[in-house]
Structure formats: C-alpha cells, structure tokens
Amino acid sequence: MSSDPLMRIRSAEFQAMADRVLRVTELTSRLNVLPFEDEAGRAALLEQILGGPLPPKVTIYPPFYTDHGLRLDLAPRVFINQNCTFLDYAGIRLGERVMVGPKVTFITSGHPVDPGERRLYLTGGPIDVAENVWIGAGATILPGVTIGRDAVIAAGAVVADDVPPASLVTGAKATVRRRW
C-alpha cells in the first residue's frame with residue numbers, strides 16, 4: 001500500500017487498485033480453467049498476472065488466486081500448492097525455497113476495527129517470508145507479518161505476529177480482545 005497505513009476507499013488510489021483487481025480476477029479465472037498440461041498458456045497468463053516471467057524453478061499449481069499480482073515477489077525455487085490465495089496489494093515476498101501447502105491464504109490488507117471507519121479505509125502491511133520456510137495446508141498469514149528463515153507454520157495456523165527463524169508455530173484459537 002502507500003506509505004500511509006490507511007487508504008481512503010473513495011480515492012484515486014483505491015480506484016486504481018479496484019481496476020487492477022478486476023483485471024487480475026479475469027486473468028486468474030482464465031488461468032484456473034486451462035488444461036494442466038498447457039504449460040505455455042499458464043506461463044503466459046502468470047506473466048501477465050505477476051508483471052513478468054516466473055523466476056527459475058517456481059512451481060504454482062492451480063487453482064491460484066491473487067487480487068493484484070504486481071506486488072507478489074517470488075524468489076527462485078518457490079513451491080505453491082493448489083488453491084492458495086495471495087491478497088498482495090501491500091506486498092508479499094516469498095524467499096528462496098519457500099514451500100506453501102494447499103489452501104494457504106496471505107492477506108496484506110484489511111479494514112479498521114472501528115465500525116465508523118470500517119467502510120471508509122483500507123489498512124494493511126506487507127508480508128515477508130524468509131528462505132526455506134514451510135507453510136502448512138490451510139494456514140492464514142495476516143498483514144504485516146515477517147516469518148524468519150527455516151520456520152514451519154503448522155497446518156491451519158493463523159499467523160498474526162512475526163515468527164522467529166527456525167521455529168514452529170501452531171494454533172488458530174480465536175480470543176475476544178475487546179468489546180464495544
């Protein structure tokens with residue numbers, strides 16, 4: 001996102017993002033119905049979605065979803081399994097040899113908690129995943145998270161805080177933090 005942590009929904013920046021989302025939704029829809037053996041067709045569509053060719057030895061199994069695409073930075077030898085979602089407007093970087101299990105979701109934007117501001121702004125922060133990280137099936141990585149080298153994110157984990165290098169994180173327990 002911009003340097004400002006809030007993006008006004010009724011703004012030129014938001015409209016440009018919304019236009020890109022529509023374009024990428026059309027491209028990913030086409031990508032996800034191609035025959036699997038059509039490697040050239042997949043490569044061409046991914047190049048349009050990501051704004052350039054895939055780095056060496058990157059594997060992406062469809063279906064694959066992203067809302068922006070141009071802010072998804074993949075290093076060589078990244079593996080992305082089926083049915084993953086990358087909401088990348090604020091930026092997502094996957095380091096070399098990152099493995100992403102099926103149904104993993106990366107989310108870089110959200111809305112303010114305050115009900116009065118919820119429909120006025122988007123909030124967000126980039127996600128940075130270091131080298132050799134393994135993210136298990138169905139995990140959710142939230143805005144602003146950094147995951148350290150060699151870490152493992154357990155299947156189904158919801159990651160809202162930074163993860164130290166060479167550590168295992170688990171859990172998806174929801175907790176009431178406050179009421180209004």
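**Figure 1. A network of salt bridges links R23, E26 and R30.** The model shown here and in the other views is predicted. Within this network, E26 forms a salt bridge with R30, and their closest N and O atoms are 3.1 Å apart. Helix α1 holds both E26 and R30, which lie 4 residues apart, or about one turn of the helix. E26 counts as partly exposed because its relative accessibility is 32%. R30 is partly exposed as well, at 40% relative accessibility. Across the whole structure, a search finds 6 salt bridges. Side chains of opposite charge can pair when their charged atoms come close.

**Figure 2. R149 meets E131 and D150 in salt bridges.** The side chains of R149 and E131 are joined at an N to O distance of 3.6 Å. This pair links distant parts of the chain: R149 is in the loop between β15 (146-147) and β16 (152-153), E131 is in the loop between β12 and β13 (134-135), and the two are 18 residues apart. R149 also meets the side chain of D150, here at 3.8 Å from N to O. R149 has a relative accessible area of 39% and is partly exposed. E131 counts as partly exposed at 26% relative accessibility. D150 is partly exposed too, with a relative accessible area of 36%.

**Figure 3. Five strands form an open sheet with parallel pairing.** The order of the strands is β3-β6-β9-β14-β17. β3 (64-66) and β17 (158-159) are the edge strands; each has a single partner strand, so one side of each is left without a neighbour in the sheet. Strands of a sheet pair through backbone hydrogen bonds, either parallel or antiparallel. At the β17 edge, the partner is β14 (residues 140-141), and the two strands pair in the parallel sense over 2 bridges. I141 stands opposite V159, a residue of β17.

**Figure 4. The largest nonpolar core has 35 residues.** L94, F106, I135 and I147 are the residues with the most contacts inside this core. Several elements each supply at least two of its residues: the helices α1 (12-31) and α2 (39-50), and the strands β4 (72-74), β6 (84-87), β7 (92-94) and β12 (127-129). The largest share, 4 residues, comes from α2. In soluble globular proteins, nonpolar side chains tend to be buried together.

**Figure 5. I147 and the residues in contact with it.** With its neighbours within four places in sequence left aside, I147 is in contact with D128, V129, A130, V133, I135, I141, I153 and V163. One of these, I135, is, like I147, listed with the most contacts inside the largest nonpolar core. Another, I141, is the residue that stands opposite V159 in β17. Apart from the largest core lies another core, of 5 residues, among them M7, I9, M17 and Y89.

**Figure 6. F36, Y61 and F79 form one aromatic cluster.** A search of the whole structure finds 4 aromatic pairs. The ring centres of Y61 and F79 are 5.4 Å apart and the ring planes are at 90 degrees, so this pair is edge-to-face. Distant parts of the chain are linked by the pair: Y61 is in the loop between β2 (59-60) and β3, while F79 is in strand β5 (residues 79-80), 18 residues apart. Y61 counts as partly exposed at 30% relative accessibility. F79 is partly exposed, with a relative accessible area of 25%. At F36, another member of the cluster, the charged end of R42 sits over the ring, 4.5 Å from its centre.

**Figure 7. The rings of F64 and F86 make a tilted pair.** Their centres are 5.7 Å apart and their planes are at 40 degrees, so the pair counts as tilted. F64 lies in strand β3 and F86 in strand β6, so the pair ties together parts that are 22 residues apart in sequence. β3 and β6 stand next to each other in the order of the open sheet. Both F64 and F86 are buried.

**Figure 8. R71 lies over the face of Y89.** The distance from R71 to the ring centre of Y89 is 4.4 Å. Y89 is among the residues of the core of 5 residues, along with M7, I9 and M17.

Methods: Residues numbered from 1 in each chain as written. Predicted model: local features only at pLDDT ≥ 70, side-chain atom pairs only at ≥ 80, totals over all residues. Heavy atoms only, no water. Pairing = 2+ DSSP bridges. Core = buried A, V, L, I, M, F, W, Y, C linked by side-chain atoms within 4.5 Å. Buried < 20%, exposed > 50% of the residue type's maximum accessible area, 1.4 Å probe, protein only. Contact = heavy atoms within 4.5 Å. Salt bridge = Lys/Arg side-chain N within 4 Å of Asp/Glu carboxyl O. Phe/Tyr/Trp six-rings, centres within 6.5 Å; stacked < 30°, edge-to-face > 60°. Lys NZ or Arg CZ within 6 Å of the ring centre and 35° of its normal.
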